[in-house]
Amino acid sequence: MIPLSIHQVKKQYPDGTQAVKGVSFNINPGEGTILLGSNGSGKTTLLRCMNGLETATTGSIYVDDIDVVAAKKRKDHRKIKRVRQQVGMVFQRFELIGNLGVLQNVLFGSLGRIRKPWEMFTSTATKEERDRAMECLDRVGLSDYAGQRARSLSGGQQQRVGIARMLLQEPQIVLADEPIASLDPKSGREVMNLLWEIVRERNLTVVCALHQLAIAQEYGDRLIGMRHGNLVMDSAEKSVSTEELNHLYDDDEEEEEATAAVEAEMTS
Ligand SMILES: Nc1ncnc2c1ncn2[C@@H]1O[C@H](COP(=O)(O)OP(=O)(O)OP(=O)(O)O)[C@@H](O)[C@H]1O
């Protein structure tokens, strides 16, 4: 079964910004896909639509047999929860609670058992959950840091806690939104190595937004490029040269003007 299928997805924000303009692709099981594109090309929006953090305006996004877009529109919480259990997120800014301990942060990965936000602070983990969380911390090499406050860790260590939190969820799909953008090159590479090692050993399907082209070429099984909310490059369809990758980041004032002119003509 195709784990992730995206069909004609559009996302327009309430202020009128068209962040994603009709994107379609299927991701195969175990595929490590890297999403590329300059700032504002729509990568984060698309990732957030995939796990229902944002609701796509039109189109469908199937996670296994669930259409996330339809589930969000119908406010079908049972289906949204099933999607969230299957889809783990790794964020650029780690999204840890700095004042809390490392182990507690990982335990919040078992979000399936938390129904209301305040339960994050009142619910206590079972011994089994704590043991599993410790195993996840051990996998990312941080079991010795379990009792420390998250904010006392370096950026690279905090991202490893983010990976451990994602692991505790036991997802089938991992969405990583610029997981190394806040890290120095050495820590970034360490985190990328760890993330890829883990997804490979568990045969997880990954979609990872990145800006570092060399790393994208090194790690990605497949490279997908976005520009102004459109999918403009997919290495599954044709091989992609470094030149074409660089073109994704070209200064495109002229192209924007041309696109705006075409759009204005179409709406007049
Ligand atoms: N909540 C929002 N409301 C309105 N516009 C938004 C919102 N979030 C993002 N946008 C806009 O949507 C477009 C796509 O943004 P998005 O963050 O998805 O791009 P991106 O490719 O992830 O960029 P970056 O590489 O900088 O993270 C941009 O024009 C952005 O300003």
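## Exercises on helix α7 and the ligand shell

In this predicted model, Gln 157, Gln 158, Gln 159, Arg 160, Val 161, Gly 162, Ile 163, Ala 164, Arg 165, Met 166, Leu 167 and Leu 168 of α7 are buried.

**Exercise 1.** Work out how far α7 is enclosed by the rest of the structure, and name elements that cover its buried residues.

*Solution.* Start with the burial count: twelve of the 14 residues of α7 are buried, so the helix is largely enclosed by the rest of the structure. Next, look at the cover, which includes β6 (87-90), α4 (102-107), α6 (127-139), β7 (173-177) and α8 (185-201).

**Exercise 2.** Check the span of α7 (residues 155-168) against 1.5 Å a residue.

*Solution.* The expected span is 1.5 Å times one less than the number of residues. For the 14 residues of α7 this gives 20 Å, and the end C-alpha atoms are 20 Å apart, which agrees. Then step just past the helix: Glu 170 has a positive phi of about 50°.

**Exercise 3.** Describe the shell around the ligand by class and by helix.

*Solution.* Sort the shell by class first: two residues are nonpolar, eight polar and two charged. Now ask about origin: helix α1 (residues 43-50) supplies the largest share, three residues.

**Exercise 4.** Is Ala 19, a residue around the ligand, buried or exposed?

*Solution.* Locate Ala 19 in strand β2 (residues 18-27). Buried means 20 or more other C-beta atoms within 10 Å; Ala 19 has 22, so Ala 19 is buried. Finally, list its contacts beyond four places in sequence: Lys 11, Tyr 13, Gly 42, Thr 45 and Gly 229. Thr 45 is 26 residues away along the chain, yet the two C-alpha atoms are separated by 6.8 Å.

Note on methods. Residues are numbered from 1 along each chain as its sequence is written. This is a predicted model: local features need pLDDT of at least 70, side-chain atom pairs count only at pLDDT 80 or more; totals for chains, interfaces and linings use all residues. Helices (H or I, at least four residues) and strands (E, at least two) are DSSP runs, numbered from the N terminus. Two residues are in contact if their C-beta atoms, placed from the backbone, lie within 7 Å. Ala, Val, Leu, Ile, Met, Phe, Trp, Tyr, Cys and Pro count as nonpolar, Asp, Glu, Lys and Arg as charged, and the others, Gly among them, as polar.
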